[in-house]
Amino acid sequence: MASYKSTGIGFKSTGVIKPVERPNRLSSTQFVAAQQQRGRQLINDWLKALQAAENPEKPNRELLYRLYNNLITDADLSSEWDTRRKLRIIGAGFTLNDVNNKPNDEAGKMLQKKWFNDVLNYAFDSKLWGHSLVEIKSLTPEGLIAEVELVKRRYVIPEKGMHIQKIGDEKGVLYREDPTISQWLFEFGESHDLGILAKAAPYILFLRFALAAWSEYAEKFVMPVRVGKTNTKDKESLNRLDAMMLEMATASYAILDKDEEFEFIETSKSDGSNVFDKLIATCAGKLSKLINGAVIGEGTEGGSNAKEQVGLDIQNLVTNADMMWFEGIMNQEILPRLTLLGYPFQDLTFEFNRSADLQSELKIVTGLLTHYDIPEEEITDKFGYTVTKKEVTAPVVNANASTSFFE
């Protein structure tokens with residue numbers, strides 16, 4: 001991070017200033033690292049993980065997080081969550097408004113930093129995982145936030161508000177009760193919430209099973225069988241034919257002895273791809289409904305404009321609910337704490353930029369103009385057009401014209 005000083009005609013860099021690392025951080029606590037496992041996991045693993053996480057006396061999310069780390073690599077999940085849900089929030093933009101609901105641009109720029117974008121990402125990922133504990137990692141020389149870091153979920157027991165050093169520990173740091181630690185933490189998600197992934201897990205596992213089974217089916221029953229026939233018992237000739245069969249691929253050819261034959265045998269097995277395709281489409285549709293409330297776009301069958309519009313309306317409701325959720329956290333918890341850190345956020349309100357339905361609003365404004373005068377600046381602010389009042393020219397009356405109907 002570079003520091004700048006005013007030169008009268010601009011700003012000049014004075015060099016790079018290294019952020020000041022905070023002492024006594026949770027993330028710097030010595031803990032025993034455990035290797036992530038991404039082996040094959042089945043429905044039984046999901047049920048066992050849920051039981052361990054929901055244990056009222058000794059809640060343990062290790063098995064659940066191990067499963068989650070496997071699930072988040074799924075392409076359908078990434079598309080639905082990262083692209084269609086979270087990106088609509090992260091990319092919306094925001095403002096900090098004063099008591100008159102006017103944007104304070106200078107204050108807003110103080111949050112247009114990487115650390116705040118990281119906070120947004122970790123906050124919304126808590127809906128997927130169930131919980132996110134974010135720690136302020138370092139500060140600028142002015143005492144403002146320079147970096148934040150996600151505390152490893154595997155070492156956090158949100159049900160107890162505890163940070164542990166080793167998987168399986170029952171004692172640790174009660175981070176909510178220690179003011180020297182809690183003031184540097186942002187916590188997102190409810191203590192007992194296991195996240196959307198707890199509901200999505202069976203559909204992702206079935207979807208992967210269907211893809212793997214379909215691939216195996218294609219290998220065994222769709223591809224034609226290669227058959228080589230020979231009368232020779234010569235080891236060299238047999239090895240040559242065997243190597244030829246193994247290496248046969250696109251544009252392959254064979255050089256055969258007059259006593260050798262080569263042929264493809266097409267499978268007579270009926271096409272079973274419909275079974276796998278239906279299972280995959282069903283699981284993908286369930287994920288779409290779970291995350292965004294509806295199946296939209298390429299995942300629909302027999303779609304129409306009306307059907308797509310209904311899906312988009314439902315997704316917009318989900319997006320608006322997500323925005324309201326984070327706005328509540330920002331205005332009630334985070335902004336007051338940032339004010340205590342020295343940020344000039346007193347009496348400011350955080351608000352996402354929502355895409356307006358300008359056509360509908362234009363119809364309303366047009367209807368109002370027939371009965372009321374609307375200030376020019378309000379129309380400019382709403383629709384982006386600079387407007388001025390239209391001059392009305394009075395009709396010219398000919399004084400010499402006759403007023404008689406008969407003349």
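**Note on selected strands and helix α5**

1. In this predicted model, strand β13, which covers residues 349-352, has side chains that alternate between two faces. Phe-350 and Phe-352 point to one face and are buried, whereas Thr-349 and Glu-351 point to the other and are not. Such alternation between the two faces of the sheet is what a regular strand shows.

2. The partner to note for β13 is strand β4 (residues 94-97): the two pair in the antiparallel sense, over four bridges. Within this pairing, Leu-96 stands opposite Phe-350 of β13. Phe-350 is, as stated above, one of the buried residues of β13.

3. A separate point concerns an open sheet of three strands, ordered β7-β8-β9, with antiparallel pairing. Its edge strands are β7 (156-157) and β9 (173-174), each of which pairs on one side only.

4. Strand β8 (residues 162-163) runs antiparallel to β9, and two bridges join them. Here His-163 stands opposite Val-173 in β9.

5. Helix α5 comprises 16 residues, 114-129. From its first C-alpha to its last it reaches 22 Å, close to the 22 Å expected at 1.5 Å a residue.

6. The same helix, α5, is mostly covered, with twelve of its 16 residues buried. The buried set includes the aromatic residues Trp-115, Phe-116, Phe-124 and Trp-129. Val-119, Leu-120, Ala-123 and Leu-128 are buried as well, and so are Asp-118, Asn-121, Asp-125 and Ser-126.

7. As to the end of the helix, Gly-130 lies just after α5 and takes a positive phi of about 110°.

Notes:
Residues numbered from 1 in each chain as written. Predicted model: local features only at pLDDT ≥ 70, side-chain atom pairs only at ≥ 80, totals over all residues. Heavy atoms only, no water. Buried < 20%, exposed > 50% of the residue type's maximum accessible area, 1.4 Å probe, protein only. Pairing = 2+ DSSP bridges. Expected span 1.5 Å × (residues − 1).
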